[in-house]
Amino acid sequence: MKKMLAFIIALVAVVAVGIGISTHKSSAPKKQKVQTVGILQLMSHPALDAIHKGIVAGLKDEGYTVGKNLKIDFQNAQGDQSNLKSMSERFANEDADAMVGIATPSAQALANASSKIPIVMGAITDPVAAKLVKSTTKPGANITGVSDQAPIDAQLKLIRTLMPKAKTLGIISTSSDDSAQTQVKMVAAKVAKYGFTLKKYSISSTNDINQVAGQMVTDVDAIFVPTDNTIASAMPTLASVANSKKIPIFPTVDTMVKQGGLATVGLDQYQLGVETGKMVANILSGKSKPATTPVKFMTKGNLVINTKVAAKLGITIPADLLAKAKKSGEVIK
Ligand code: TRP
């Protein structure tokens, strides 16, 4: 009898728990927590726009979907320093769960606004020189992210292959763009190895591009364009001046080849964004912390060739290079 009673009690208990769980499920679906990410983009140009898209996709890949468990507050500073400051401060005051800076000045503005909220760098060329992290292997504070440092050697090798006779390489950059200045130094240190002499040209705003480009095309055999935000935003102007004088442009990124550059071994800008988004997701979920997450470098460039520009310049692209671009990179027609 006692056994029977115990059995009935146990049965009732099991059923009750069962009902409890099921009613809990149906009457109160577990509400997903919504986390907020503030994304601050320096300005609009195709590379940064692609990075932004990639970030949203990377977050989604890792289970963070806007409207479900994620709110994205996206701000574009239109290249204006005071916008960068006020937008960063607003993200910080509104206690974002994480903040993302696309391009160096954005990440720097976010860093000035908060030393607590996790900050993820979206495609920052030189995070140490920009004083964003102490070390790329052990960031140590609230900032980590993805660097877009370009494969300069592969780039110079490509120029040499396509232009066996070229002597003078011109490089154009904006004096205030730290990320471009890092690359100018890197290129200067490597050109001799590939048999080039380097001529440096600098601009202070897009207004100077026409005049400086006009000078360059009379001095140099080819133009190297670093990841310079100002030039990226005025790439069509530079391309039209240079291409009409048959001087090829070798940019460091795919998007600038699409805008009139000849070729690159460059980083896929969208993919840089995807990696950035994944890093943000791991921070939101608590899987990782900026202080102990090394900065991610994406060193492998894709071969991207613009055959329309090649035809315009009268440059023949070797068949093996074209095949390689078709297979593992991109051919723009
Ligand atoms: N690396 C740049 C910075 O740190 C931002 C950037 C990413 C960029 N991709 C680019 C600039 C392409 C020009 C072109 O500011």
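**Exercise 1. The lining of the largest pocket**

Task: Find which helix gives the largest share of the lining of the largest pocket, and describe that lining.

Solution.
Step 1. Helix 4 gives the largest share of the lining, six residues. Helices here are DSSP runs of H or I with at least four residues, strands are E runs of at least two, and both are numbered from the N terminus. The model is predicted: local features need pLDDT of at least 70, side-chain atom pairs count only at pLDDT 80 or more, and totals for chains, interfaces and linings use all residues. Residues are numbered from 1 along each chain as its sequence is written, and side-chain values use heavy atoms, with hydrogens and water left out.

Step 2. Know the terms. On a 1 Å grid over the protein atoms alone, a pocket is an open set of points with protein on both sides within 12 Å along at least five of seven lines; a cavity is a set where a 1.4 Å probe fits but cannot get out; lining residues have an atom within 4 Å of a point.

Step 3. Take the volume. The largest pocket holds about 390 Å³ of space. A volume is the space filled by probe spheres set on the points, which are joined across faces, edges and corners.

Step 4. Look at the centre. The lining has 22 residues, and L42, Q81, L84, P105 and Q108 are the closest to the centre of the largest pocket.

Step 5. List the helices. Helix 3 (81-93), helix 4 (104-113), helix 6 (178-190) and helix 8 each supply at least two lining residues.

Step 6. Sort by class. The lining of the largest pocket has six nonpolar, eleven polar and five charged residues. Ala, Val, Leu, Ile, Met, Phe, Trp, Tyr, Cys and Pro count as nonpolar, Asp, Glu, Lys and Arg as charged, and the others, Gly among them, as polar.

**Exercise 2. S106 and Q181**

Task: Decide for S106 whether it is buried or exposed, then place Q181 on the same scale.

Solution.
Step 1. S106 sits in helix 4. Its relative accessible area is 0%, so S106 is buried. Buried means under 20% relative accessible area, exposed over 50%, and partly exposed in between (1.4 Å probe, protein chains only).

Step 2. Find its partners. Apart from neighbours within four places in sequence, S106 is in contact (heavy atoms within 4.5 Å) with L40, Q41, L42, L84 and G101.

Step 3. Turn to Q181, in helix 6. Q181 has a relative accessible area of 24% and is partly exposed.

Step 4. Check its contacts. Beyond four places in sequence, Q181 is in contact with S173, T174 and S175. The Q181 side chain also reaches the backbone oxygen of T174 at 2.8 Å.

**Exercise 3. The cavity and N229**

Task: State how many cavities of 30 Å³ or more there are, and show how N229 is placed.

Solution.
Step 1. The count is one cavity of 30 Å³ or more. The largest cavity has about 140 Å³ of space.

Step 2. Of its 17 lining residues, H45, L48, D148, T227 and N229 are the closest to the centre of the largest cavity. Helix 2 (46-61) gives the largest share of this lining, three residues. By class, the lining of the largest cavity has eight nonpolar, seven polar and two charged residues.

Step 3. N229 is in helix 8 (residues 229-233). N229 is buried, at a relative accessible area of 8%.

Step 4. The N229 side chain makes a polar contact with the side chain of H45 (3.0 Å). Such a contact is a pair of N or O atoms within 3.5 Å; within protein, one must be able to donate a hydrogen and the other to accept it, and residues adjacent in sequence count only if both atoms are side-chain atoms.

**Exercise 4. Helix 11**

Task: Test the span of helix 11 (residues 269-284), then say why it is described as largely enclosed.

Solution.
Step 1. The expected span is 1.5 Å times one less than the number of residues. For the 16 residues of helix 11 this gives 22 Å, and the end C-alpha atoms are 23 Å apart, which agrees.

Step 2. Twelve of the 16 residues are buried, so helix 11 is largely enclosed by the rest of the structure. Among them are L272, V274, M279 and I283.

Step 3. Inspect the ends. D268 caps the N-terminal end of helix 11, with a side-chain oxygen 3.1 Å from the backbone nitrogen of Y270. Just after helix 11, G286 takes a positive phi of about 85°.
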